[in-house]
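This report covers two features of the model: a cavity and a nonpolar surface patch. The sequence and structure come before the text.

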Amino acid sequence: MLRLSVLLALIRPRTLLLGIAVMLPGNAVAWRDGQFSVVLFALMLATTIALQSLSNIANDYGDGKRGTDDQRIGPVRMVASGALSLRAVRRCMWVCALLVLLLGASLLFLAFDQWVQVADFAVLGILSMLAAVGYTVGRYAYGYYGLGEIAVFVFFGLLAVMGSYYLQTHQINSSLWIVACGCGLFAAAVLMINNLRDLDNDRDAGKHTVAVFLGRKYALLLYGCVLFAGLLCYLMFALMARQWGVLLCIILMPMLIKHIHRLRLATSAHKVGAELPAIVVINLLVNGLFVVGTVLSALLFQ
């Protein structure tokens, strides 16, 4: 029987807030458009959090099996530390995958009454699961070839925002694409912080992340560009869709600047890793402000 502390360390609770953040924009616009179900929203949150948990467990398993985490700096990983065996973590991975399937199936059957729609989204769900596991698990784990940030951008940005809106409304909102891009960029920034922290260890272990390819200086430059491009996406949506309340997101600019400045001054992997909670909070704030701005726009400007 797993101890609660070990299970929590395995699923990394702080990163699970990302699953909440990425579900907010699409659902907020669906509410604005008068097509919002609290039950569907709750199931989306549960499914996304379970999917993030699956990704974290698979990451611990894949990196632990390859020995990538043996000399890592940062939070203790369960396989590398010996707290859990590969077999135990593999069982947890299967249990979590089953939970994702159950939650996802419940969501789809409640959201749709046509089998074609269920089947289409089921394919997307399976691809999301494969992406969650395939980041570090398998012979050709794509996280070892610098593709992790792209996968996060697609699944925790484009698919999360556009998919959540479609699940609520059964329609595609073309103006949401730019918000989906912004959401994906901020989500990718979470992985970028991890990879910046683990840069030296990943290089030694043969894990070729974007940070390893670019080196610390240019990886930090790219990181700053990703954050400001992400914020710009939200502001552009406010102007293009005339959702003036969303301009509230601009108040995060000083926080972004201070966050990037602290990273530039970080002289150790520990100090870089200390910025991980900050970028998770920034994800919550930018998407939370988007919700507030959407509500204000609906109430005051329309």
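## Cavity and nonpolar patch

The structure holds one cavity of 30 Å³ or more. This is a predicted model. The volume of the largest cavity is about 40 Å³. Its lining is made by E149, M192, N195, L196, V210, A211 and A219. Sorted by class, this lining has five nonpolar residues, one polar residue and one charged residue. Two helices, α8 (177-197) and α10 (210-240), each supply at least two residues of the lining.

The other feature lies on the surface. A nonpolar patch of about 710 Å² is formed there by L98, L101, L102, V123, L124, I126, L127 and L130. Helices α5 (86-111) and α6 (115-134) each supply at least two of the patch residues. The most comes from α6, with five residues.

The table sets out the two features by extent and by the helices that each supply at least two residues.

| Feature | Extent | Helices |
|---|---|---|
| Largest cavity | volume of about 40 Å³ | α8 (177-197), α10 (210-240) |
| Nonpolar surface patch | about 710 Å² | α5 (86-111), α6 (115-134) |

One residue of the patch can be looked at singly. L124 is part of helix α6 and is one of the residues that make the nonpolar patch. Is L124 buried or exposed? L124 has a relative accessible area of 31%, so L124 counts as partly exposed. Patch residues need over 30% relative accessible area, and L124, at 31%, therefore meets that cut-off.

Conventions
Residues numbered from 1 in each chain as written. Predicted model: local features only at pLDDT ≥ 70, side-chain atom pairs only at ≥ 80, totals over all residues. Heavy atoms only, no water. Patch = residues over 30% accessible without salt bridge, like charges linked within 9 Å, V, L, I, M, F, W, Y side chains within 5 Å. Areas by Shrake-Rupley, 256 points an atom, 1.4 Å probe, with all protein chains shown as cover. Salt bridge = Lys/Arg side-chain N within 4 Å of Asp/Glu carboxyl O. Helix = DSSP H or I, 4+ residues; strand = E, 2+ residues; numbered from the N terminus. Buried < 20%, exposed > 50% of the residue type's maximum accessible area, 1.4 Å probe, protein only. 1 Å grid on protein atoms, 1.4 Å probe; cavity = no way out; pocket = protein on both sides within 12 Å on 5 of 7 lines; lining within 4 Å. Points joined across faces, edges and corners; volume = space filled by probe spheres on them. Nonpolar A, V, L, I, M, F, W, Y, C, P; charged D, E, K, R; others polar.
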